[in-house]
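Please open the model in your viewer and keep the selection tool at hand for a tour in three stops.

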Amino acid sequence: MVEIPEEYLPPEEYRPDRIYALPELHYPLKLNLGKILLDDNVEKRGDKVAIYYEDKKITYRELQRRVNKLANALKSLGVEENDRVMIRMTNRPEWIETNFACWKIGAIPVLTNHLFRSETLSYIANDSEAKAMVVHSDWLKDVELAKPKMRTVKSIVVVGEEVEGDYYYYEKIMKDQPETFPTLEFDRDHFGRLIYTSGTTGPPKGCLRTYREILSGADTHGKYILELSEKDTIGGHPFFTFAFGSVNFTQYPWRFGASLSIIERFDPEKMFETVEKHKITVLCCVPTAFRVMLGVKDAEKKYDLSSLRLCQSAGEWLPPSTIIEWKKRFGVEIIDSLGSSEWNYIISARKGMPESKIGSTGLPVPGYECKIVDEDFNEVPRGTPGYLIIRGPAGNFYWRKPEKQAKAVRNGWSLTELIFVQDEEGYFWYQSRADDMIVSAAYKIPGGEVEAVLNEHPAVLESAVVGSPDPLRGNVVKAFIVLRPGYTPSDELVKELQNYVKGRLEPYKYPRKIEFVKAEDLPRTVTGKIQRAALRELEKKRYEEEMKKKK
């Protein structure tokens, strides 16, 4: 067994308090995720379809056989308990197989987005001290570039096409392996996932998750919010290496004996086709994807979407107009949930929420405590903006980042760097990220609040609001706006959007500057989130250049 150096884990004084408020969250001292989430399902429903992928149907029993063969193959390559194994590919059945094989062995899957370039790959490989990597041939180029810098990776297994070089081929190493694998038991606080965030600034940071934390996501949000059961087929586009996709697709289905529908790349029509083909019951997409799908004319008539019972959004704030239009056209609610790589889901909307609460993020997920505090960590009155802090069965826990950890936990509470308002009925309303707060002429303006209003305008597909340097006010509100098809930039539209914000927020919050851009021109993380820090830096550089010209 490989020991994880104590200095790689957070100092004890900066670890979050773990609260297990629900009976479901009390787990055996020893367990194996591969047994709980796969083998136990085979005993109960071995011939049930576990995975739908294009035209393929893979039963639980078939999945178990391949997982066991792969676990034996990885063991033959020297992968042991606590070893880190990088996974690099789009959403495919082999991703699920690799993840389960790691859990069977007690190895720790390292989730790395397939879009990470060579420099980021070598950083993650060295930071995690990964022993092996499983990569699809489509995404091998950057791995080859990173290889000379990867100090600990001993084995690279290639899925897909065979390639020349010092690689192992996925199907070949599995071919002659046994279809059984011994059931090993590990501590319930054994680490079961190391996910690297894309990072809005600086290198990506690794977030650790224990077996208990992995199970707790399903036993809180999955059970009480999505109300999942073995009758469900869960599908959508978020990548398995994105926190949204990781929780909803690589953990939830197996906890409830449900089925997983896999789509490799998002396309609105392809997503509708997949709902119809795989009979998806719970559809998970980011807000922009739902808005793009609403742009498909007569989709409600063109596709049979009768299997859908619920949709869920995460990753960015979901505009009420999207919720209302989706329900009107497809007869299904979208619930918005707040989560992250660190905490699972902590706040969520519910089915049948009062109309006056549509647009809020909802109420705390059962099992979690949420508070709004000021800069001195004092809880603020209802209706007052403040910083969201949380406590529950999961929390901020960073790999080899003691300085980050020290800033992420206080008095056992995990800090979120998010600004919220909690209303009198207890509902949480998103305002902004703390670093997206714009100070203009002494006014504090949450950029996210302005975005929320702009995104409600029928011309706006998405927006990003940041502070733009100004000699008089310090900063002014600037909005980068992506228009929906059929709308063109104009001075008239600028005024219309400005007045639209003035009519819904305090007048000083309106965007004094508006720049129309294409969606592909906005700087984004590899998970698709807009990098507002990069936009702020762009505005700063523009301002500095303008000042130089005036001198």
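The stops are a helix pair, a pocket and a salt bridge.

This is a predicted model, in which local features need pLDDT of at least 70 and side-chain atom pairs count only at pLDDT 80 or more, whereas totals for chains, interfaces and linings use all residues. Residues are numbered from 1 along each chain as its sequence is written, and side-chain values use heavy atoms, with hydrogens and water left out.

Select first helix H1 (residues 33–45) and helix H3 (residues 93–105), which pack at an angle of about 130° with their axes 7 Å apart; helices are DSSP runs of H or I of at least four residues, and strands are runs of E of at least two. That angle makes H1 oblique to H3. From H1, the contact (heavy atoms within 4.5 Å) is made by Leu33, Gly34, Leu37, Leu38 and Asp39, and from H3 by Phe100, Trp103 and Lys104.

Next, go to the second largest pocket, with a volume of about 320 Å³; a pocket is an open set of points on a 1 Å grid where a 1.4 Å probe fits, with protein on both sides within 12 Å along at least five of seven lines, and lining residues have an atom within 4 Å of a point. Of its 14 lining residues, Trp317, Trp429, Glu449, Ala452 and Val453 are the closest to the centre. Strand S24 (428–433) and helix H15 (447–454) each supply at least two lining residues.

Finally, select Lys351 and Glu227, whose side chains meet in a salt bridge at 3.2 Å, N to O, the term requiring a side-chain nitrogen of Lys or Arg within 4 Å of a carboxyl oxygen of Asp or Glu. Lys351 lies in the loop between strands S17 (344–348) and S18 (363–364) and Glu227 in the loop between helix H7 (211–225) and strand S12 (233–236), so the pair ties together parts 124 residues apart in sequence.

Definitions and conventions. Axes fitted to C-alpha atoms, helices over the stretch in contact; angles between N-to-C directions. Parallel < 35°, antiparallel > 145°, perpendicular 65-115°, else oblique. Points joined across faces, edges and corners; volume = space filled by probe spheres on them.
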